[in-house]
Amino acid sequence: MTVERLFEEYGHFKRFQICLYFAVVFQAIACGIHYLASVFLVQTPNFVCSVPGNITDVLYHNISGSSLESILPAVKPAGGPLVVRTSEGEQWELSRCRFALRIDPQDFTYNYNGNKTNKECSGNFVYDHSEVHQSIVTEWDLVCEKEWLAKMCQPTFMLGVLIGALLFGDIADRIGRVKILMFTSLCQFGLGVAVAFSLNYYFFVVLRFLLAMVSSGYLVVVFVYVTEFTGSKVRTWTSMHIHAAFAVGIMVVAWTGYLVRVWWIYQIILSICTSPFLLFCWKFPETPFYLMAKGRYKESQALLDAIAHFNRLECRLKVEDLLEKSENGKALLEREEDESPVQPEKKLSILDLFGSWRMVGRTCTVWAIWFIGSLGYYVFSLGSVNLGGNQYVNLFLAGELLPDDF
């Protein structure tokens, strides 16, 4: 096929391609949103163990108060325990994952050299809500011996990204790009909202895993979709700038995280940011490359006419003009009209990437480049909230300044 002639005749990036490009790239914002949303979903605020009984007095070095909540904002993780006194007269030293009961204290002072009974926290914690009102950590007490569960949220998400890229990329070659774009977009919205109503941690992780698969699937397929609708003169630029929308999604996460401090409301708002895309994605046409490769010549001709009409050009290009000279274009069109069986196409799979030593070398080289680039990018972007200063500004600047292809 010589489908490139389509762009020579009707333009490499004219009205039709421009409108289609910005429409499909708009949904890529959702991919950036869901990839980085976990930085505020799993925030761990300052916390200490709680004790039975009603607390009447609290000491932290030279700071005193009547409740844990009033003192917690001033507590540093390695700055020593909190000392509390209950209405029953008991005195406790509270740290993050342990607490100690003072035996026969004489006075209520911060320093104590007497005997203590040390205990592990039994699952009751008090959190500092001055910065983080509610996260999944405070919702399900993912601290101390459960801390690893919170840290597993992003790795399981990225595993879903890997599986989704492999799965949906292959399916898109079989059933078409548009069907996958519609399916993954709808699932991003549905699963994103469903995450906010997770009943427990494990349900949350499963939904996020599925969300990662469809988000990755959209990002992979939209890249191909854009390259097949734009001409060679702008193809590099258009494909690279898909990731600019991804970066916009990161900045949206920073803004939303700053304005909304309750995790499930935060998740819902992020999920509906790109919901208008669902109203018009069903109107997207299949790509000319895919239609021609599948022998769907009538649809190909209709698409050519639509592109010419939208670009305000004369409809002078025919499908047979895009076929190789060795192919009999008219015969192929007549065969489609007669619905005669065509020659079965060769089935390809991921194993064909290892069909020769040259392909093995190229495949491993591309994979290594993407691995190193992605590793560096996500280390910087996900870790930006821990650099010091304002974590929301850090993440916003990471989205604005760091290129997604690093």
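Reader: Which residue forms a salt bridge with Arg 296?
Author: We're after a side-chain nitrogen of Lys or Arg within 4 Å of a carboxyl oxygen of Asp or Glu. For this pair, the closest N and O atoms are 2.8 Å apart. The partner of Arg 296 is Glu 299.

Reader: What sort of model gives us that pair?
Author: Residues are numbered from 1 along each chain as its sequence is written, and side-chain values use heavy atoms, with hydrogens and water left out. Local features need pLDDT of at least 70, side-chain atom pairs count only at pLDDT 80 or more, and totals for chains, interfaces and linings use all residues, this being a predicted model.

Reader: What is the relative accessible area of Glu 299?
Author: Buried means under 20% relative accessible area, exposed over 50%, and partly exposed in between (1.4 Å probe, protein chains only). Its partner Arg 296 counts as partly exposed, at 27% relative accessibility. Glu 299 is partly exposed too, because its relative accessible area is 39%.

Reader: Which residues do shared salt-bridge partners join into one network?
Author: Salt bridges that have partners in common link up here into a single network. Its members are Glu 93, Arg 102 and Lys 116.

Reader: How many salt bridges does the structure hold?
Author: Arg 296 with Glu 299 is one of them, and Glu 147 with Lys 151 is another, with closest N and O atoms 3.6 Å apart. For the structure, the count is ten.

Reader: Which helix holds both Glu 147 and Lys 151?
Author: Helices are DSSP runs of H or I, at least four residues long, numbered from the N terminus. Glu 147 is partly exposed at 40% relative accessibility, whereas Lys 151 is exposed at 57%. The two are four residues apart, about one turn, in helix H6.

Reader: Is Arg 177 buried or exposed?
Author: Arg 177 pairs with Glu 228, the closest N and O atoms being 2.8 Å apart. This pair ties together distant parts of the chain, 51 residues apart: Arg 177 sits in helix H8, and Glu 228 in the loop between helices H9 and H10. Glu 228 counts as buried, because its relative accessibility is 12%. At 8% relative accessible area, Arg 177 is likewise buried.

Reader: Which residue with a positive phi follows H7?
Author: Helix H7 runs over residues 153–175. Among its buried residues are Phe 157, Gly 160, Val 161 and Gly 164. Right after H7, with a phi near 115°, comes Gly 176.

Reader: How many residues of H2 are buried?
Author: Helix H2 covers residues 15–36. H2 is largely enclosed by the rest of the structure, because the buried ones among its 22 residues number 17.

Reader: What volume does the largest cavity have?
Author: A cavity is a set of points on a 1 Å grid over the protein atoms alone where a 1.4 Å probe fits but cannot get out, and lining residues have an atom within 4 Å of a point. Points join across faces, edges and corners, and volume is the space filled by probe spheres set on them. The search finds four cavities of 30 Å³ or more. The largest, lined by residues including Phe 40, Arg 261 and Trp 263, holds about 60 Å³.

Reader: Which helix gives the largest share of the lining of the second largest cavity?
Author: That cavity has about 50 Å³ of space, and its lining includes Gln 17, Leu 20, Tyr 225 and Phe 229. H2 and H9 each supply at least two lining residues. The largest share, four residues, comes from H2.

Key. The expected span of a helix is 1.5 Å times one less than its number of residues. On a 1 Å grid over the protein atoms alone, a cavity is a set of points where a 1.4 Å probe fits but cannot get out, and a pocket is an open set with protein on both sides within 12 Å along at least five of seven lines; lining residues have an atom within 4 Å of a point.
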